Amino acid sequence: MLVEDSLVVRELLRHILSRDPRLACVAAVASGEEALSAIDSVRPDVISMDIRLPGIDGLETTRRIMSEHPTPIVVIADAVEDSSLRISMNALRAGALSVVEKPVATTHAGYDAVAGEICTQLRIMAQVPVIRRRPIGTEWLGRSPATAILASAASLPPTVLAIAASTGGPPALARVIGALPETFPLPVLVVQHMGAAFMDGFASWLDGVVPMPVSVARDGERAEPGRVYVAPGDRHLEYGPGRTLRLLDSLPVSGQRPAATVLFRSVARQAGASGLGVLLTGMGEDGALGLLDMHAAGAQTVAEHESTAVVYGMPAAAVRLKAARAVLPLDRIAAHLLRLAMPPAMPATSPGAWPDRPA
């Protein structure tokens with residue numbers, strides 16, 4: 001089902017879908033109200049959701065669909081408008097699975113790439129099982145999934161935290177990083193699979209929902225404690241000597257750039273047993289081999305438990321490889337990280353909790 005208020009864009013989306021024999025448009029509506037009214041009768045496998053709609057906007061429409069009629073949703077957004085980007089990120093937090101650029105005229109130089117990405121995302125996300133969503137913070141109340149924490153190696157005190165996610169990642173990252181205090185004593189490096197056009201907006205959105213300051217990583221800058229650095233779109237992020245950050249244009253790994261495995265392997269090389277690695281929800285297997293390298297180097301490694309992962313692909317691959325020392329549901333990951341990075345002698349509120357903090 002297409003949800004798009006512009007007749008021109010709606011017809012352009014119809015045309016794009018018609019190019020892929022694996023996709024069929026069962027409904028095309030101009031408002032959130034129409035979408036909510038039609039969803040019971042057309043029962044789409046996946047929904048293409050505009051964000052800026054008359055009446056109920058795309059964010060509220062997403063919330064209601066995920067609460068009442070759980071269906072995979074792909075947000076189609078204007079990547080250059082700040083307000084649209086903020087709403088798009090909040091739609092991901094409300095349960096949408098991914099965000100792609102809104103198509104432009106067929107004569108535009110980037111049309112084929114955008115059209116191809118839209119079809120690819122709709123095909124892939126149509127296969128993702130989704131569940132009825134409750135407001136953020138209550139998804140897993142009353143559930144007690146099994147938790148595995150493997151025997152730990154004698155790791156050194158942590159010096160850096162690397163976290164990676166893909167499908168379902170923005171809300172998961174907001175939950176984990178948002179539960180860490182502003183005085184968290186480590187730099188936090190993040191890889192999130194997302195279209196390059198949306199990475200600045202994603203970093204800006206994350207900055208507004210977590211205590212620590214968030215920015216897109218810059219090549220050569222020094223990773224400081226208590227700050228979050230997001231890999232930019234279409235460049236690998238590495239942790240280098242002297243806590244410097246490196247951005248690379250090398251080939252994609254596991255089909256991804258930035259790739260979680262590239263980040264994790266760099267942390268394994270530079271931090272060894274003093275690294276912390278976390279692999280969250282996502283499709284595919286990116287990050288599993290990198291997390292295994294960190295595990296082999298003596299680092300503490302965590303994979304999200306199946307019970308909370310939107311897509312149990314990347315963390316499942318890490319579990320199969322026995323790369324994760326701890327397998328935890330989303331709501332328990334931050335507490336685990338705090339125990340490792342901020343032991344009782346170093347309380348979260350203590351200014352002295354920052355190792356090697358510059359004056």
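Strand β14, helix α10 (residues 314-320) and strand β15 form a right-handed β-α-β unit in this predicted model. On its other flank, β14 also closes a right-handed β-α-β unit that starts with β13 and passes through helix α9 (residues 288-296). So let's take β14 as our guide, and then have a quick look at the cysteines.

**Strand pairing around β14**
- β14 pairs with β15, which spans residues 326-328, in the parallel sense, and three bridges join the two strands.
- Within this pairing, Glu304 of β14 sits opposite Leu328 of β15.
- β13, covering residues 275-279, is a parallel partner of β14 as well, here over four bridges.
- In that pairing, Val278 faces Val302 of β14.

**Burial of β14**
- β14 runs over residues 300-304, and five of its five residues are buried.
- In a regular strand, side chains alternate between the two faces of the sheet.
- Here both faces of β14 are covered: Gln300, Val302 and Glu304 lie buried on one side, while Thr301 and Ala303 lie buried on the other.
- Glu304, the residue opposite Leu328, is thus among the buried ones.

**Cysteines**
- The structure contains zero disulfides.
- Cys119 counts as buried because its relative accessibility is 6%, under the 20% cut-off.
- Cys25 counts as partly exposed because its relative accessibility is 31%, which falls between the 20% and 50% limits.

Definitions and conventions. Residues are numbered from 1 along each chain as its sequence is written. This is a predicted model: local features need pLDDT of at least 70, side-chain atom pairs count only at pLDDT 80 or more; totals for chains, interfaces and linings use all residues. Side-chain values use heavy atoms; hydrogens and water are left out. Buried means under 20% relative accessible area, exposed over 50%, partly exposed in between (1.4 Å probe, protein chains only). Two strands pair if DSSP finds at least two bridges between them. A crossover is right-handed if, with the strands pointing away from the viewer, the path from the first strand over the helix to the second runs clockwise. A disulfide is a pair of cysteine sulfur atoms within 2.5 Å.
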